[in-house]
Amino acid sequence: MFTQIALGSGLMMISIIIGAISALVMELALSRWHNWLISEPHYPKLILVVVIVSVWIPTTLSAGVWLWAATFQVLGAFATFEECLYFSLVTFTTLGYGDVLPPHEWRILGGMTSANGLLNFGLLTALLVEALRHVRVGQVRRKVTRKGG
């Protein structure tokens, strides 16, 4: 049990670090393009930000899923890597079909995979909202400054 908790905690930290690095890269990109993003026309650029961030989030989340799948493979928890990946994806997204279950000695990792996915989805959703807010506030401020008021 303690081995599972230690291993799961380590995997959660690695997954969160991957998400944090990915968020930093996105922040740097948004900062680099900030002046262009807040200039007219506004709405197409907001749509572009939504599209880019909406592709970025699943890519970042996929890294966590692959990390867990690779761990289940190394542990020999499932017969094939496809089962490892399927279980990780279904569990990380908290869908939890229950048609593929880990062996008894690794079942706590299933719950930790789910908790990791839930946390990552929440953090990355907050980052999506923040990215949109940041661009939109910049657009509104620029518009107000240009009107002189």
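A salt bridge is taken here as a side-chain nitrogen of Lys or Arg within 4 Å of a carboxyl oxygen of Asp or Glu. With that criterion, a search of the whole structure, which is a predicted model, finds one salt bridge. The pair consists of R133 and E130, whose closest N and O atoms are 2.7 Å apart. Both residues belong to helix 5, where they are three residues apart, or about one turn of the helix. An α-helix has 3.6 residues a turn, so residues three or four places apart point the same way. Side chains of opposite charge can pair when their charged atoms come close. Neither end of the bridge is classed as buried: R133 is partly exposed, with a relative accessible area of 43%, and E130 is also partly exposed, at 35% relative accessibility.

We can turn next to the helices themselves. Helix 1 covers residues 2-32, and its 31 residues should span 45 Å at 1.5 Å a residue; the end C-alpha atoms are indeed 45 Å apart, so the expected and computed spans agree. Helix 3 (residues 42-75) has 34 residues and reaches 50 Å from its first C-alpha to its last, close to the 50 Å expected. After helix 3 comes G76, which has a positive phi, near 70 degrees.

Helix 1 has both buried and exposed residues. Its buried residues are Q4, G8, L11, M12, S15, G19, S22, A23, M26 and L30. These pack against helix 2 (34-38), helix 3 (42-75), helix 4 (81-92) and helix 5 (107-147). I21, another residue of helix 1, counts as exposed because its relative accessible area is 51%, and the cut-off is over 50%. Together with M13, I17 and V25, I21 makes a nonpolar surface patch of about 400 Å².

What, then, makes up the largest nonpolar core? This core has 30 residues, and those with the most contacts inside it are V53, W56, I57, W68, F72 and F78. Helix 1, helix 3, helix 4 and helix 5 each supply at least two of its residues, and the largest share, 11 residues, comes from helix 3. W68 offers a good view of the surroundings: apart from its neighbours within four places in sequence, W68 is in contact with G8, L11, M12, S88, F92, L109, M112, T113 and N116. Among these partners, G8, L11 and M12 are also listed with the buried residues of helix 1.

Technical notes: Residues numbered from 1 in each chain as written. Predicted model: local features only at pLDDT ≥ 70, side-chain atom pairs only at ≥ 80, totals over all residues. Heavy atoms only, no water. Helix = DSSP H or I, 4+ residues; strand = E, 2+ residues; numbered from the N terminus. Expected span 1.5 Å × (residues − 1). Buried < 20%, exposed > 50% of the residue type's maximum accessible area, 1.4 Å probe, protein only. Contact = heavy atoms within 4.5 Å. Patch = residues over 30% accessible without salt bridge, like charges linked within 9 Å, V, L, I, M, F, W, Y side chains within 5 Å. Areas by Shrake-Rupley, 256 points an atom, 1.4 Å probe, with all protein chains shown as cover. Core = buried A, V, L, I, M, F, W, Y, C linked by side-chain atoms within 4.5 Å.
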